[in-house]
Amino acid sequence: MTEAGFQAEALTLDPAPVAPERDLFSKFDPLIAEREALLATGVRDPFGIVMDEVTSPTEAVIRGRKTILLGTYNYMGMTFDPDVIRAGKDALDRFGTGTNGSRMLNGTFRDHVEAEEALKAFYGARHAMVFSTGYQANLGILSTIAGKGEYIILDADSHASIYDGCALGNAEVVRFRHNSVEDLDRRLSRLPREAGKLVVLEGVYSMLGDVAPLAEMVAVAKKHGAMTLSDEAHSMGFYGPNGRGVYEEQGLEGEVDFVIGTFSKSVGTVGGFCVSNHPKFEVMRLACRPYIFTASLPPSVVATAAASIRKLMFAHDKRRRLWDNARALHAGLTEMGFTLGTATPQSAIVAVILHDQQQAVTMWQALLEGGLYVNMARPPATPAGTFLLRCSLCAEHTPEQIATVLAMFRAAGEATGTLH
């Protein structure tokens with residue numbers, strides 16, 4: 001048979017049966033269906049909001065409408081500070097747009113060192129290590145510091161970055177009930193006395209805005225020979241006499257071994273860090289994979305961070321205004337009859353708890369259409385079965401804006417049947 005004949009015969013043969021491919025996305029079908037059902041009711045996607053323009057720390061334009069921002073974590077309002085912006089522009093002009101490398105190689109510029117020096121001054125710490133995000137700070141420190149045969153003991157409501165840091169490492173992970181000193185004590189007592197142990201806590205928990213009893217927990221950790229780490233992402237800038245966080249407010253200076261933080265909240269830019277007084281801490285730069293194997297932050301970003309941190313050291317008026325705003329919002333929403341995440345204002349986060357996702361999204365959309373942006377949060381970010389609207393106060397919110405926000409909540413609550 002000629003070559004052409006072979007080709008013709010091959011074209012007439014049925015292809016061999018192929019086993020159906022396993023769709024790797026099939027495990028997400030329930031989530032896709034839930035989202036489609038929600039959007040089919042006519043509500044907007046609460047996780048797809050686009051800011052067309054941000055005009056100040058407290059206002060933006062969304063779909064052409066002037067909107068008050070009450071869900072940005074811009075606690076101290078540093079994003080539009082003239083000195084901070086000037087520092088970023090100067091670094092952009094002097095060093096360009098990026099580093100094109102890791103901190104270990106060509107990625108350490110003058111302003112990376114300046115940011116770490118600013119952190120050491122702010123925290124009164126001997127060592128500071130800047131990461132590209134707060135998520136990476138937890139990922140790097142937790143996966144590196146506790147290894148095989150050692151233990152990480154963490155609060156059940158810990159942030160996803162803490163859980164992911166534990167998953168990346170080889171330590172045994174033990175969870176205790178949220179904010180339970182007794183359960184922490186009990187679980188530590190069951191672990192080998194001679195094993196290395198790290199207790200991981202958060203000053204402020206980001207969903208409900210509640211504060212950890214750090215003083216009691218650190219005492220329990222020390223009793224069992226464990227080191228301690230406190231994530232102060234949601235308390236840096238306004239908690240404690242110097243704005244260092246809940247651990248400072250509770251008198252734990254020198255007692256907590258490691259403090260994790262972020263630049264994306266009170267500092268007003270992006271990045272993460274860990275500060276410590278441990279004499280061997282600098283070895284982390286040689287051992288921590290999420291620090292070694294990622295590009296460093298652009299110089300303009302770390303320059304803004306350094307300028308912001310140095311100003312936050314003396315931002316006493318901003319701290320006072322932020323707490324005034326938190327107390328005013330919490331009191332007003334409580335008086336209306338909303339169910340809040342905490343009985344008293346414990347932080348700059350005020351969480352409004354709703355019955356279910358449909359009610360939460362309906363209320364969220366009513367607020368957005370009225371000119372107010374808040375965060376809609378649901379599991380797995382929140383505890384199981386908890387749906388809420390999370391409000392994040394800013395020091396730059398004016399009393400008039402807080403009054404407007406309360407009026408918007410009342411109108412939205414009555415329009416959606418949330419308030420009766």
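In strand β5 (residues 151–155), I152 stands opposite V173 of strand β6, where strands and helices are DSSP runs numbered from the N terminus, strands being E runs of at least two residues and helices H or I runs of at least four. The structure is a predicted model, in which local features need pLDDT of at least 70 and side-chain atom pairs count only at pLDDT 80 or more, whereas totals for chains, interfaces and linings use all residues. Residues are numbered from 1 along each chain as its sequence is written, and side-chain values use heavy atoms, with hydrogens and water left out.

β5 and β6 (residues 172–176) pair in the parallel sense over five bridges, two strands being taken as paired if DSSP finds at least two bridges between them. Strand β7 (residues 197–202) also runs parallel to β5, to which it is joined by four bridges, and in this pairing Y151 stands opposite K197. Together with helix α6 (residues 160–168), β5 and β6 make a right-handed β-α-β unit, a crossover being right-handed if, with the strands pointing away from the viewer, the path from the first strand over the helix to the second runs clockwise. Five of the five residues of β5 are buried, that is, under 20% relative accessible area, with exposed meaning over 50% and partly exposed lying in between (1.4 Å probe, protein chains only). Y151, I153 and D155 point one way from the strand, while I152 and L154 point the other way.

T228, in strand β8 (residues 227–231), is likewise buried, with a relative accessible area of 2%. Its contacts (heavy atoms within 4.5 Å), leaving aside neighbours within four places in sequence, are with L198, V199, V218, A221, E255, V256, D257 and F258.

The largest nonpolar core, a set of buried Ala, Val, Leu, Ile, Met, Phe, Trp, Tyr and Cys residues joined through side-chain atoms within 4.5 Å, has 98 residues, and Y123, L389 and F409 have the most contacts inside it. Helix α12 (residues 299–312) contributes the largest share of this core, with seven residues. A second, separate core of 22 residues includes M129, A146, F258 and Y291. Not counting residues up to four places away in sequence, F409 touches twelve residues of which L70, L333, M336 and L389 are among those listed.

K311 is also found in helix α12, but is partly exposed, with a relative accessible area of 32%. Beyond its neighbours within four places in sequence, K311 is in contact with M78, D81 and D83. The side chains of K311 and D81 are joined by a polar contact of 3.0 Å, a term that denotes a pair of N or O atoms within 3.5 Å, of which, within protein, one must be able to donate a hydrogen and the other to accept it, residues adjacent in sequence counting only if both atoms are side-chain atoms. K311 and D83 are 228 residues apart along the chain, yet their C-alpha atoms are separated by 9.0 Å.

An open sheet of four strands has the order β1-β2-β3-β12, with mixed pairing. Because β1 (53–56) and β12 (372–373) stand at the edges, each with a single partner strand, one side of each is left without a neighbour in the sheet. β2 (residues 59–62) and β3 (residues 65–69) pair in the antiparallel sense over four bridges, with K66 of β3 as the bridge partner of V61.
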